[in-house]
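Colleague: I have just opened this one and would like to go through it with you. Please start with how you assign the elements.

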Amino acid sequence: MDASDLTRFADELFRADIDRIPIEPLTARQPGLTTEQAYSVQIGYLEKKITRGAHVIGKKIGLTSKAIRDALKVDEPDFGCLLDSMAVLDGGTIALS
């Protein structure tokens, strides 16, 4: 995979988010996708969101439990950014639309 493939994946994720349509997992179409490449896609997606006004409000670390990583056959925790559009204040509601 080269940089243009990673950019294309970031574009696809962004469009799926905007249009609210599911897409096939990237690893199903690109089984050799590495962790580093996946994080590059994530950064490309985040850059598109930020360019359109989103703000990073925090970070998230997942798969911190060894038992969960073993069950999912994952070698290390994962991480990502939380955007303001993802926040729901205490007592807030989430529209189903």
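Modeller: Helices (H or I, at least four residues) and strands (E, at least two) are DSSP runs, and their numbers start from the N terminus. This is a predicted model, in which local features need pLDDT of at least 70 and side-chain atom pairs count only at pLDDT 80 or more, while totals for chains, interfaces and linings use all residues. Residues are numbered from 1 along each chain as its sequence is written, and side-chain values use heavy atoms, with hydrogens and water left out.

Colleague: Fine. How many helices and strands does the chain have, and what pattern does the chain follow along the sequence?

Modeller: There are four helices and two strands in the chain, and along the sequence they come in the pattern α-α-α-β-α-β. Taken along the principal axes, the box filled by the C-alpha atoms is roughly 40 × 35 × 20 Å.

Colleague: And what share of the residues is buried?

Modeller: Of the 97 residues in the chain, 21% are buried, where buried means under 20% relative accessible area, exposed means over 50% and partly exposed lies in between (1.4 Å probe, protein chains only). The accessible surface of the chain comes to about 7,200 Å², and 57% of that surface belongs to carbon and sulfur atoms; these areas come from the Shrake-Rupley method, and for residues only the protein chains shown count as cover.

Colleague: What about contacts, how much of them is between residues 24 or more positions apart?

Modeller: If we take the contacts in the chain with a separation of 6 or more, residues 24 or more positions apart account for 54% of them, a contact being heavy atoms within 4.5 Å.

Colleague: Let's turn to charged pairs. How many salt bridges does the structure hold?

Modeller: It holds six salt bridges, each being a side-chain nitrogen of Lys or Arg within 4 Å of a carboxyl oxygen of Asp or Glu. Side chains of opposite charge can pair when their charged atoms come close.

Colleague: Which residue pairs with Asp17, and which helices does that pair tie together?

Modeller: Asp17 meets Lys49 in a salt bridge, at 2.8 Å from N to O. Because Asp17 lies in helix H1 and Lys49 in helix H3, this pair ties together parts of the chain that are 32 residues apart in sequence.

Colleague: Staying with Lys49, is that residue buried or exposed, and what else is Lys49 in contact with?

Modeller: Lys49 is buried, with a relative accessible area of 15%, whereas its partner Asp17 is partly exposed at 30%. Helix H3 (residues 35-51) is the element that holds Lys49, and once neighbours within four places in sequence are left aside, Lys49 is in contact with Phe14, Asp17, Ala54 and Leu83.

Colleague: Lys48 sits beside Lys49 in the numbering, so to speak; which side chain does Lys48 meet in a salt bridge?

Modeller: The partner of Lys48 is Asp11, at 2.5 Å from N to O. Here too helix H1, with Asp11, is tied to helix H3, with Lys48, so the parts brought together are 37 residues apart in sequence. Asp11 counts as partly exposed at 23% relative accessibility, and Lys48 counts as partly exposed at 21%.

Colleague: Now Glu12 and Arg8, what separates those two along helix H1?

Modeller: Glu12 and Arg8 are four residues apart in helix H1 (residues 3-19), which means about one helical turn between them. They form a salt bridge whose closest N and O atoms are 3.3 Å apart. Glu12 counts as buried at 15% relative accessibility, while Arg8 is partly exposed at 37%.

Colleague: Different topic: which residues make the nonpolar surface patch?

Modeller: Ile57, Leu82 and Met86 make a nonpolar patch of about 270 Å². Patches are made of residues with over 30% relative accessible area and no salt bridge, joining like charges within 9 Å and nonpolar side chains (Val, Leu, Ile, Met, Phe, Trp, Tyr) within 5 Å. Leu82 belongs to strand E2 and, at 32% relative accessibility, counts as partly exposed.

Colleague: Last one, where is Ser65 found?

Modeller: Ser65 is in the loop between strand E1 (56-62) and helix H4 (66-72), and it is partly exposed, with a relative accessible area of 32%. Ser65 and Ala3 are 62 residues apart along the chain, and their C-alpha atoms are separated by 32 Å.

Key:
Accessible areas come from the Shrake-Rupley method with a 1.4 Å probe; for residues, only the protein chains shown count as cover.
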